[in-house]
Structure formats: structure tokens, C-alpha cells
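Work through the exercises below with the sequence and the model open. Each task is followed by a stepwise solution.

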Amino acid sequence: MDDATAVGAVLVSTQLRRFRDLCEVEGPIEPRFEGATKHVLLADDRAFLFPRNHTIVGQLERECDVYAAIDHPFVPRLLGRWDEPAISPYPFFAVTRLRGTVPGDLSPERLRMLAGQLGTALAACHDVGPETVPRSLWANAWSEPPSAPPTATDCYTPLRELGGTERLTESVAAFVGPAGERTLREALEVVDTMEPVLAHGDLYEDHLLLDESGTLTGILDWGFGGVVSPLVDFTCSQWDSATWAAEGSYGELRHHLWTTYAQHRSVPLPSWEQVHLALTAFDIVALAPETESHYYWQQSPEWRAARRTAARECLQALLA
């Protein structure tokens, strides 16, 4: 099916004519149907986002609120919003078009390079002041936003989602010993009190764009963005198994992400060692068969078990 025919799946001929006139779109339009929440029509310099159905409108509004708040070359910029029933039964949006393709299989060298570039970009995005973004973003996508920007003690964090410092420490206490338990508890307490940021919330390969040289050019799909703990963008739980396989050792992806991130953030942050301890304990609990959460839901039981074993061995070595 050619592009002109495929566009008809989003806009029939009369709608398409109105769309071109209203949005001043000339030339070819490239359709993209891969996204779970929206259809995308690509013009030369803009991407037009159409929700797939009425249940997605709120999430797409949220995504575009993020695009209006962040000014970074790797993040689409909101250009317009339209409510035009003669074109679409739902609101649709225009954002800047970013060039690139989704990463394929990554070698260890390319993984390190991508992690460093992504960590640097996240640092700039996370420096957006929570008080400057709309109230709709003052919580994650599943929670009612508070009346004031959240603080470190009341924002969403992955660690608290799994029960917080007490549960995470108790879950590993049997194999780290009393001294290791104290060290881990201290790290968890420090990491879980980082000031909230405007985070992506659903970061993995399919939401990244690279150019032909492997350089990062875009961070897309901010529909789950919100003012939450920065740790949300470092669990890496949605990354593909093939990417994890490019790690030389457990934690390497996060290591490169965090160290470049911390170098470029404008505020003091926990050390990599503290973050490593916290996220390793997080993995042990998140990957447990009895844990019911959205973390790692796409991975097979066999992969989860192997990853959990690697996390346990790593934590024991860290706390030896």
C-alpha cells in the first residue's frame, strides 16, 4: 500500500482536503501506524498526532503538555492543536518533526554511546522546574494531580511503588548481612528523596530516534510524562532483552546513563554507588515471581529469573 492510500485510513479525501487547507500542508504525507495510542501523519517539517480513539485523547493532551513545557532539540515542540469535527472527531496536534530511526540491535560500544547521549539529554529535560509545568503534569498519568507541585516526600517513586525502603531492605536482608543491610538502607533513603522532575516515564528503545551514525536525535512519546522521581527514567525496565544482552555486566546501561546524567544536572545528586544499590534491590523485588507490577511485564519468566539472579549476585558483591 502506498502512502497516499494509507493516509486514507486516517483521513478520507474530504477530510484530507480540509486538513491540508487548515494546517497549510503541501507535498507528500507519510503515515505512521506503529504507535499503540496514535496515528501520525508526517509532513516535511511537522508531525501531526491523531488519537486512535476517544480513550486516548487525555493521554495525547498530556503528551503535548510536555512538549509545550520542554525546550530541547531532542524533544518535539508543540506547534498547534485543533478541534475540527469535519477533519477528525477528536482533537489533533502538530509537533516539530524529528529525523531518525528507532535503534536496532546495539553493540556494547553503541549501547555505551547511546546511554551517554541519553543521560545528557535527560539531565537537560529534568532541569525543567516542576512549578513551570501545567498542573495536569504534577503527578504520573494514573494519579490525580495535587493542588501544588509535589515534593520529594510525596511524589511518585519506583521504590515506594514496590513498598519503599522497608520492604526492599527486608527482601534482601537474608543474604546481605546486618552491615550490608544498613548500607543498603542508607542508599535507599538517599535515592528515594531526590527532588521530583518532569520525567519521561516510559523510556526505552522504541521511543528513541538515532541518525545513521548512531547519534541520538529524538526522545518521543511523552504520554506518561509527569512530575515524579527522576529514578523513573533509570529503572530501564521496559528496555528490550536484546539491549540488555549488549551489557558487559549487570548494571552497565544504568551506569553510563546515570554518570553522564549526574555530570550535567544542575543540582546535587546521589552517587552512582548509591543509585546502583537502590536499583539492584529494586530489580530483585520487581523481578520476583510474586510481585505484581508493570515493571518487566514484557519479559519472559526465564529472562526475569536470570536477571534476578544477576541482580542478587551483584548486590552481594556490592555489600561484601
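**Exercise 1.** At what angle do helix α6 and α9 pack, and how far apart are their axes?

Solution. Note at the outset that this is a predicted model.
- Step 1. Locate helix α6 at residues 164–191. Locate helix α9 at residues 272–286.
- Step 2. Read off the geometry: the angle is about 130°, and the axes lie 9 Å apart.
- Step 3. Classify the pair. Angles of 65 to 115 degrees count as roughly perpendicular and those over 145 as roughly antiparallel. α6 and α9 are therefore oblique to each other.
- Step 4. Assign the hand: α6 crosses α9 in a left-handed sense.
- Step 5. List the contact. α6 contributes R167, L168, S171, V172, F175, T183, L184, A187, L188, V190 and V191. From α9 come Q274, V275, L277, A278, A281, F282, I284 and V285.
- Step 6. Sort the contact by class: 15 residues are nonpolar, three polar and one charged.

**Exercise 2.** Is D283 buried or exposed? Which residues is D283 in contact with, leaving aside neighbours within four places in sequence?

Solution.
- Step 1. Place D283 in helix α9.
- Step 2. Apply the cut-off: buried means under 20% relative accessible area. D283 has 0% relative accessibility, so D283 counts as buried.
- Step 3. With those sequence neighbours set aside, the contacts of D283 are Y250, R254, Y296, R307 and A311.
- Step 4. Follow one partner: R254 is among the buried residues of α8.

**Exercise 3.** What span should the 19 residues of helix α4 have, and how far apart are the end C-alpha atoms? What covers the buried residues of α4?

Solution.
- Step 1. Take α4 as residues 108–126. At 1.5 Å a residue, the expected span is 27 Å.
- Step 2. Compare with the model: the end C-alpha atoms are 26 Å apart, which agrees.
- Step 3. Pick out the buried residues, including L111, L114, L118, L122 and H126.
- Step 4. Find the cover. It includes strands β6, β7 and β8, together with helices α7 and α8.
- Step 5. Turn to α8. Its buried residues, among them L257 and W258, pack against α4, α7, α9 and α10.

**Exercise 4.** Where does A86 lie, and how far is A86 from Q15 in space?

Solution.
- Step 1. A86 sits in the loop between β4 and β5.
- Step 2. A relative accessible area of 37% makes A86 partly exposed.
- Step 3. In sequence, A86 and Q15 are 71 residues apart; in space, their C-alpha atoms are 6.4 Å apart.
- Step 4. Neighbours within four places aside, A86 is in contact with Q15 and R18.

Definitions and conventions
Residues numbered from 1 in each chain as written. Predicted model: local features only at pLDDT ≥ 70, side-chain atom pairs only at ≥ 80, totals over all residues. Heavy atoms only, no water. Helix = DSSP H or I, 4+ residues; strand = E, 2+ residues; numbered from the N terminus. Buried < 20%, exposed > 50% of the residue type's maximum accessible area, 1.4 Å probe, protein only. Contact = heavy atoms within 4.5 Å. Axes fitted to C-alpha atoms, helices over the stretch in contact; angles between N-to-C directions. Parallel < 35°, antiparallel > 145°, perpendicular 65-115°, else oblique. Left-handed = near helix turned anticlockwise from the far one by under 90°. Nonpolar A, V, L, I, M, F, W, Y, C, P; charged D, E, K, R; others polar. Expected span 1.5 Å × (residues − 1).
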